[in-house]
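Trainee: I would like to learn how to read a protein model. Could we go through it together, one feature at a time?

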Amino acid sequence: MAGNTIAVIGGDGIGPEVCAAAIEVARAAGATVETVEFDLGADRYLRDGEVLSEATMDALRSADAILLGAIGPAIGDTRIPGGTLERGLLLKLRFTFDQYINLRPFVGQVGSIGEGADFVVIRENTEGSYAGEGGVLRRGTPAEIATQGSVNTRFGVERCVRYAFDLANRRPKRHLTLVHKTNVLTFAGDLWQRTVDEVKGEYPDVSVDYNHVDAACIYLVEKPMNYDVIVTDNLFGDILTDLAGAVCGGVGFAASANMNPMRTAPSMFEPVHGAAHDIAGKGLANPTAAISSCALMLDFLGQHDAAQKITAAVTADAGRDNPTQPRSTAEVTRAVIERLA
Ligand code: IPM
Ligand code: MN
């Protein structure tokens, strides 16, 4: 069985509060977790310039999993150049630890337009337009050129597609939808489509569909219950999962797992939502997404019983929210703990 040392990177804004709530729930559910806090994010960077040093990477590498709250400066904070923390911290962790699967499950909350929906987005997490390919020439001049390419390798696409088929094959509906833009992004789209077509032969029980990403935005709003497993590239997955969160009741409920299925480095679990600096430190953040991310983490670490208890409690607690009178972080945490069977 895997160990239980959890590196906690609370990060920015509401990140530390929602992580603390998640750990409290995990312990109440009987999980064995030993936490080590890492002070990283905007404040740390402003204090001593560290984004993520090699020494910190080594320390993180020795953890069994990472629980991350949120990373990113407040919008309009010009002290930190855009991308410094996103690329230097969050993406560095995802890429260096080869967390190539970003798994984001969605269950439509009662009363949301996604009510009845139950699907998972498998977002490729180490390539695409996030890879950092490109550059700028003659910056600031009228002749400036900026390019930003999308990197898609057969290896990277195939391991992601295989993971998605495997997951679909274990779910009752056994349905997989590739989302891309093959009619315009003909090179990358073709690679994705051919990979899906080839792997599909190994999964005769999984029915396969394809949606262009723009059409998928319509279907996600109009009939989200038709989806089961969506597989897509890094950027489309980023955008679609914010939309899916909103459709299913709000990103405050959306959990995610950045997984290294080969377990050659720690996986990282984080809510889909951001730092929400406007409500930070006020005890107003909904910790549900962090709590559910923590359940994904416990499951990955082999603590299935605690994971299952937490998921059941979150599901039972869902729908308790009155949008006109939101509960505090502490109230939601207490309510989930009370529902742990
Ligand atoms: C997410 C976030 C990140 C991403 C940002 C903060 C770099 O939006 O996890 O969805 O784009 O992947
Ligand atoms: Mn995002």
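Mentor: Let's start with two helices that cross. This is a predicted model, and in it the crossing of H1 and H11 is right-handed. Helix H1 covers residues 15–28 and helix H11 covers residues 329–338.

Trainee: At roughly what angle do the axes of H1 and H11 cross?

Mentor: They cross at roughly 15°, and the axes come within 10 Å. Angles under 35 degrees count as roughly parallel, so H1 and H11 are roughly parallel to each other.

Trainee: Which residues of H1 and H11 meet?

Mentor: Here is an idea to keep in mind. An α-helix has 3.6 residues a turn, so residues three or four places apart point the same way. Now look at the contact: from H1 come Glu-17, Ala-21, Glu-24, Val-25 and Ala-28, and they meet Thr-329, Thr-333, Val-336 and Ile-337 of H11.

Trainee: How do H9 and H10 lie, roughly parallel or roughly antiparallel?

Mentor: Helix H9 (residues 288–300) and helix H10 (residues 304–317) have axes that cross at roughly 155° and come within 7 Å. Over 145 degrees counts as roughly antiparallel, and therefore that is the word for H9 and H10. Their crossing is left-handed. Residues of H9 in the contact include Ile-291, Ala-295 and Leu-298, while those of H10 include Ala-307, Ile-310 and Val-314.

Trainee: How can I check the length of a helix such as H5?

Mentor: Use the rise of 1.5 Å a residue: helix H5 (residues 154–170) has 17 residues and should span 24 Å. Its end C-alpha atoms are 24 Å apart, which agrees. Many of its side chains can be checked for cover too; among the buried residues of H5 are Val-157, Cys-160, Val-161, Tyr-163 and Phe-165.

Trainee: Now strands, please. Which way do the side chains of E10 point?

Mentor: In a regular strand the side chains alternate between the two faces of the sheet. In strand E10 (residues 229–232), Val-229 and Val-231 point one way, Ile-230 and Thr-232 point the other way, and all are buried.

Trainee: Which strands pair with E10?

Mentor: Strand E5 (residues 118–124) pairs with E10 in the parallel sense over four bridges, with Val-120 opposite Val-229. Strand E8 (residues 175–180) also runs parallel to E10 and is joined to E10 by four bridges. There, Leu-178 has Val-231 as its bridge partner.

Trainee: Is E12 buried or exposed?

Mentor: Strand E12 (residues 267–271) is mostly covered, with five of its five residues buried. On one side sit Ser-267, Phe-269 and Pro-271, and on the other Met-268 and Glu-270. Strand E3 (residues 65–70) pairs with E12 in the parallel sense over three bridges, whereas strand E11 (residues 255–259) pairs with E12 in the antiparallel sense over four. Met-268 is a handy residue to find: Ile-66 is a bridge partner of Met-268, and so is Asn-258.

Trainee: What is the phi of Arg-138, and where is Arg-138 placed?

Mentor: Phi is near 55° there, a positive value in a residue other than glycine. Arg-138 lies in the loop between strands E6 and E7, and counts as partly exposed because its relative accessibility is 46%. Try Arg-174 next: its phi is near 50°, again positive in a residue other than glycine. Arg-174 is in the loop between H5 and E8, and at 34% relative accessibility Arg-174 counts as partly exposed.

Technical notes. Residues numbered from 1 in each chain as written. Chains lettered and ligands numbered in written order. Predicted model: local features only at pLDDT ≥ 70, side-chain atom pairs only at ≥ 80, totals over all residues. Heavy atoms only, no water. Buried < 20%, exposed > 50% of the residue type's maximum accessible area, 1.4 Å probe, protein only. Helix = DSSP H or I, 4+ residues; strand = E, 2+ residues; numbered from the N terminus. Pairing = 2+ DSSP bridges. Expected span 1.5 Å × (residues − 1). Axes fitted to C-alpha atoms, helices over the stretch in contact; angles between N-to-C directions. Parallel < 35°, antiparallel > 145°, perpendicular 65-115°, else oblique. Left-handed = near helix turned anticlockwise from the far one by under 90°. Contact = heavy atoms within 4.5 Å.
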